[in-house]
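Student: Please take a close look at the backbone oddities in this model. Then connect them to the packing around them, one step at a time.

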Amino acid sequence: MKVIIAEDEYYAKKMLVKLLTNIDMDITVCLEAETGKQAADYLAGKDADLVITDIRMPEMDGLSLAKYVEANCPATDVVIVSGYSDFNYAKEAMKYGVRYYLTKPVKPEELEKAIWDITKTREEKRMQLEKQVDRRLLQESLQYVNISGILANRALMDTFRDLCGGQLKERFYQMLLLQGKQRMSREEAKRLAEFLESASDHGNIQVFYFQQPDEVIAMKFDGQEVLWDQKLFRRIKQELPHRELEITCGISRIYKGEELLGDAYRDCVYAINGRLLDEKTRVFEYEPELSMEQILTQQEELSIYESVMKGSYQQAEAALRQFFEKCTVGGWNVYSLYSGIMQIFSVISRAYCSREASSESEEVNRYLLFSFKSDLYQFRTMQELERYMFKILENTCGSQVEKGSIIEEIKNYVSLNFRYEISLNELAAHKYFMNSSYLSRLFKSETGMNFSKYLITYRMERAKELLKNTVFKISEIADYVGYNDTSYFIHTFRRLYQMTPEQYRAQEEKR
């Protein structure tokens, strides 16, 4: 601890120095000043932890010095020592943050107690500040992952729980998911978070921005199972239509318990998918799964099947376009839309397998890689969904006008699912309905590498991003990018970049 003593009486000053020397602490007297001005001038260019000052001194008295310290050196504490025990001095000193007022002659035990109390308070403040810094770093780190990755990673889930103040277990909560029609900038996401935090009836709301899926997640907590915060709900409905960036919001049901966090996120995704059929509405509340009405007629289904069998894209396109026209005018719900999409993909898959003379066993094992939660959610408008399905149909019918388009779709799929085991053969058979050998050659031609190498490289590039921009442990990053064996992750990283993850992080920290 660095201490300044400001005392115009020589022997009183030396006595304070001696008392400080006898205290069993690391104390350095960095200045013995005779006036308050000398102490203030010193503090103008250097720092000190504590100022012990007399009240009455020439040029600048102790109260004026305390006032200067409060205004200019908030990290410095002040102890006033005086022969005057008048309470008015103590009261005046307290106005400037002075916590200790000792009368002369100073008793060693009183000075020591004051020093120890100040040290304890400073340490508590330092620890609190470190916690705040750690919390901010963790919150900033989370933007480089996503909520699905957090749910699958115990360590990241612990971090998310801590940032929510431990409330996931003890309190009821609802989740909000907000996403723009176009990508948000960090500044836009920050402004949206500030709006959400200020719009609530009470401030018990935690907001997170996830950069890669480009979504803002807000957790609203309450002590009891009550209806949604009506003020916040009203403000969101009023505010979102007027924001420059077209933001939509999905709201979950009420939950309690961190094990249901995934259900809350699913609710939000299911709710916000309603934007595909209703572009004017900005806020969607989760509704229990409604009945799925059949949009695609048997005649349209047969038309698509025959078109794919013959490789006639024009005929299949007409049937698919008719399906989407009915979706936009028929007042269907999003569950019916999804059911229709899966029906179309099932028809395409059957026709493709029949055309390619697939075996009976392959027919039985046929399944589709298109989910409500991830695949449908990636489309923010109906137009995006339409373009995607027309591309699939075009490729399945054998039209290869845009060879790179399907590769871009596969690369996008990898960006959303890189943590899981993915094979190009599986994607070819169950998602894009193409010959796997042809797709493999096409992928290498377009990217310059085979699919397995591309997947590994993508995982390692995401790992580099996390090493550079987050405070997560190596094991947490390994698990997040799809490696449950940290040693194998380190081996793969070193083989690709000729350095370990720790070395890469140290290198980036120096820049």
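Tutor: Start with a cut-off. A residue is exposed when its relative accessible area is over 50%, buried when under 20%, and partly exposed in between. Keep in mind that this is a predicted model.

Now the backbone. Most residues other than glycine have a negative phi, and most peptide bonds are trans. Go to Glu-59. Its phi is positive, about 70°, although Glu-59 is not a glycine. Glu-59 sits in the loop between strand 3 (50-54) and helix 3 (62-72). Its relative accessible area is 65%, so Glu-59 is exposed.

Next, Phe-433. This residue also is not a glycine, and its phi is near 50°, a positive value. Its place is the loop between helix 18 (424-430) and helix 19. Here the accessibility is 2%, so Phe-433 counts as buried.

Then look at the peptide bond from Lys-104 to Pro-105. That bond is cis, with omega near -5°. Pro-105 belongs to the loop between strand 5 (100-103) and helix 5 (108-142).

Move from the Phe-433 loop into helix 19 (residues 436-447), where you find Ser-437. Ser-437 has a relative accessibility of 41%, so it counts as partly exposed. Measure across to Ala-351 on your screen. The two residues are 86 apart in sequence, and their C-alpha atoms are 19 Å apart in space.

Ala-351 brings us to helix 14, where it is one of the residues that meet helix 12. Helix 12 (residues 298-310) and helix 14 (residues 334-355) pack at an angle of about 35°, with axes 8 Å apart. Their crossing is right-handed. From helix 12 come Glu-301, Ile-304, Tyr-305, Val-308 and Met-309. Helix 14 answers with residues including Gln-343, Ile-344, Val-347, Ile-348 and Arg-350. By class, this contact has nine nonpolar, two polar and three charged residues.

Take a short detour to Gln-322, in helix 13 (residues 313-329). Its relative accessible area is 42%, so Gln-322 is partly exposed. Glu-300 lies 22 residues away along the chain, and the two C-alpha atoms are separated by 8.5 Å.

Now the interior. In soluble globular proteins, nonpolar side chains tend to be buried together. The largest nonpolar core has 107 residues, of which Phe-160, Met-219, Leu-385 and Phe-489 touch the most other members. Helix 14 gives the most to this core, with 13 residues. Zoom in on Phe-160. Leaving out residues up to four places away in sequence, Phe-160 touches Leu-142, Ile-147, Ile-150, Leu-168, Phe-208, Phe-210, Met-219 and Leu-261. Another core, of 25 residues, lies apart from the largest one, and Ala-6, Ala-40, Tyr-89 and Ala-90 are among its members.

Phe-489 leads to one last contact. Helix 20 (residues 451-469) and helix 22 (residues 486-497) pack at about 95°, and their axes are 11 Å apart. Angles of 65 to 115 degrees count as roughly perpendicular. Helix 20 and helix 22 are therefore roughly perpendicular to each other. Helix 20 brings Ile-456, Thr-457, Met-460, Glu-461, Ala-463, Lys-464 and Leu-467 to the contact, and helix 22 brings Phe-489, Thr-492, Phe-493, Leu-496 and Tyr-497. Sorted by class, that is eight nonpolar, two polar and two charged residues.

Definitions and conventions. Residues numbered from 1 in each chain as written. Predicted model: local features only at pLDDT ≥ 70, side-chain atom pairs only at ≥ 80, totals over all residues. Heavy atoms only, no water. Axes fitted to C-alpha atoms, helices over the stretch in contact; angles between N-to-C directions. Helix = DSSP H or I, 4+ residues; strand = E, 2+ residues; numbered from the N terminus. Parallel < 35°, antiparallel > 145°, perpendicular 65-115°, else oblique. Contact = heavy atoms within 4.5 Å. Nonpolar A, V, L, I, M, F, W, Y, C, P; charged D, E, K, R; others polar. Left-handed = near helix turned anticlockwise from the far one by under 90°. Core = buried A, V, L, I, M, F, W, Y, C linked by side-chain atoms within 4.5 Å. Buried < 20%, exposed > 50% of the residue type's maximum accessible area, 1.4 Å probe, protein only.
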